[in-house]
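Q: I am new to this structure and would like a close look at a single part of it. Could you take one helix and walk me through its surroundings?

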Amino acid sequence: MDLYDVMRTTFAAREFTDEAVSDSTLRSILDNARFAPSGGNRQGWKVIVVRDDNTREALVPLIRPALQRYMAQVLNGESPWNTINETSLTDEEIATVEVPDWRIRALTHAPVVLFIFVDLAQVASFDRHLDHVGVISGASIYPFVWNILLAARNEGLGGTPTTFIGAAEAQLQELLGVPSQMAFAAMIPLGRPVKQLTRLTRKPVDEFAVLERWGGELLGK
């Protein structure tokens, strides 16, 4: 596919056919994704490929609490899991929201599930002492995650980077035998989408790009 076509049609796929994803296809996807940039070119990523049914089942209760709070906050008109605006909901109110099993299993029981971790001993966290949640370390892992999705799209596959299970990182590390210095970055359910979207809606450039400083003139056409 043309590069721009891939970029404009790589959507968040969450429903898949039963078609298996072979190891050879995964190797091709990762072989191309590995050329993503990372801080110091240290490439501190590790990928765990999950197909085992017991592991999939163990993921369900780990994801449920985070998704429950997410859904509750959305229903309450909030931006979920936000570090600037805390929720107005009580734990009791969040506990009343039902999370359908199918919503979780659509992710955990995709044809294959990829877990992406990054070695914290290999990233530069320039914002580590700032008074907000750190985001800069993500520059050394999320280009790789996005390259996986672009490569998957080029293979006719799809997926989405989910992070609900990040709220249970310690339990996930224990489940998969991951060392504590390896931070969870993304869980990618991957497979052949039930439906291929080819027309996505995104904000126009004029809504987010300005010249020279915050509030500056719009980037010219």
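A: Here is a walk around helix α6, with a short look at two residues elsewhere.

This is a predicted model, in which local features need pLDDT of at least 70 and side-chain atom pairs count only at pLDDT 80 or more, while totals for chains, interfaces and linings use all residues. Residues are numbered from 1 along each chain as its sequence is written, and side-chain values use heavy atoms, with hydrogens and water left out.

Let's start with the helix itself. Helices (H or I, at least four residues) and strands (E, at least two) are DSSP runs, numbered from the N terminus. Helix α6 covers residues 142-154, and its 13 residues should span 18 Å at 1.5 Å a residue; the expected span is 1.5 Å times one less than the number of residues. The end C-alpha atoms of α6 are 18 Å apart, which agrees. After α6 comes Gly156, with a positive phi near 85°.

Now for what α6 tucks away. Its buried residues (under 20% relative accessible area, where exposed is over 50% and partly exposed in between, with a 1.4 Å probe and protein chains only) are Phe144, Val145, Ile148, Leu149, Leu150, Ala151, Ala152 and Arg153. These pack against helices α1 (3-9) and α2 (23-33), and against strands β1 (45-50), β2 (112-119), β3 (158-159) and β4 (182-191). Contact here means heavy atoms within 4.5 Å.

One of those partners, α2, deserves a closer view. The axes of α2 and α6 are 8 Å apart, and the helices pack at an angle of about 135°. That makes α2 oblique to α6, because angles under 35 degrees count as roughly parallel, over 145 as roughly antiparallel, 65 to 115 as roughly perpendicular and the rest as oblique. Axes are lines fitted to C-alpha atoms, for helices over the stretch in contact, with angles from 0 to 180 degrees between N-to-C directions. On the α2 side, Ile29, Leu30, Asn32 and Ala33 meet Phe144, Asn147, Ile148, Ala151 and Ala152 of α6. The residues of this contact divide into seven nonpolar, two polar and no charged; Ala, Val, Leu, Ile, Met, Phe, Trp, Tyr, Cys and Pro count as nonpolar, Asp, Glu, Lys and Arg as charged, and the others, Gly among them, as polar.

Finally, two residues elsewhere. Gln173 lies in helix α7 (residues 169-176) and is buried, with a relative accessible area of 9%. Asn76, in the loop between α3 (53-75) and α4 (91-95), is partly exposed at 35%.
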